[in-house]
Amino acid sequence: YQRRVHGEVHPLEMAGQLEVDDVLKRITSHRGVLGYVIVSMDGIPIKFTQDYPTAVQYAALVCDLVSKTRLALHQLFPQNNEGELQLIRLRSRKHELIVAPDNDFILIVIQNPAIKS
């Protein structure tokens, strides 16, 4: 999503987009990284390296996981935001998901855990 002013993308948003692209480039340059999905808090894939149906599946399932994890953490650690979710790491034999939720989006990085970086 980009806001336009007089038909042009706002310069601050362009700068932010360049920064995001730079971070994503660095993430994907690590050995073992298979791809990523950036998801809005509404569960909509915004930017992704997989095909669209796969990105939608990751978005739906991970948004649900983040929501339930946040609820569990707030119930387990209700005082002073000790239960604020910062990172979820899921690992199977073939894949590892690193989920970094933010206020506006969720970053999902998919990697092969057998490949060392």
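**From a hairpin to the sheet and its cores**

In this predicted model, strands β3 and β4 form a hairpin with 4 residues between them. The turn contains Gly43, whose phi is positive, at about 85°. Strand β3 covers residues 33–40 and strand β4 covers residues 45–48; the two run antiparallel and are joined by 3 bridges. Within this pairing, Val37 lies opposite Phe48 of β4.

The hairpin belongs to a wider arrangement. An open sheet of 5 strands follows the order β4-β3-β7-β6-β5, with antiparallel pairing. Because β4 and β5 (88–91) each have a single partner strand, they stand at the edges, and one side of each is left without a neighbour in the sheet. From one strand to the next, the twist averages 15°. Elsewhere in the sheet, β6 and β7 run antiparallel and are connected by 6 bridges; here Glu96 is placed opposite Gln111 of β7.

The side chains may be considered next. The largest nonpolar core comprises 14 residues, of which Val39, Val62, Val66, Val99, Ile106 and Ile108 touch the most other members. At least two residues of this core come from each of β3, α2 (52–76), β6 (96–101) and β7 (105–111). The greatest contribution is that of α2, which provides 5 residues.

Ile106 illustrates these contacts. Leaving aside residues up to four places away in sequence, Ile106 touches Val37, Ile38, Val39, Met41, Val62, Cys63, Val66, Val99, Ala100 and Pro101. A second core of 8 residues, separate from the one above, includes Ile27, Val33, Leu107 and Val109.

Key:
Residues numbered from 1 in each chain as written. Predicted model: local features only at pLDDT ≥ 70, side-chain atom pairs only at ≥ 80, totals over all residues. Heavy atoms only, no water. Pairing = 2+ DSSP bridges. Core = buried A, V, L, I, M, F, W, Y, C linked by side-chain atoms within 4.5 Å. Buried < 20%, exposed > 50% of the residue type's maximum accessible area, 1.4 Å probe, protein only. Contact = heavy atoms within 4.5 Å. Axes fitted to C-alpha atoms, helices over the stretch in contact; angles between N-to-C directions.
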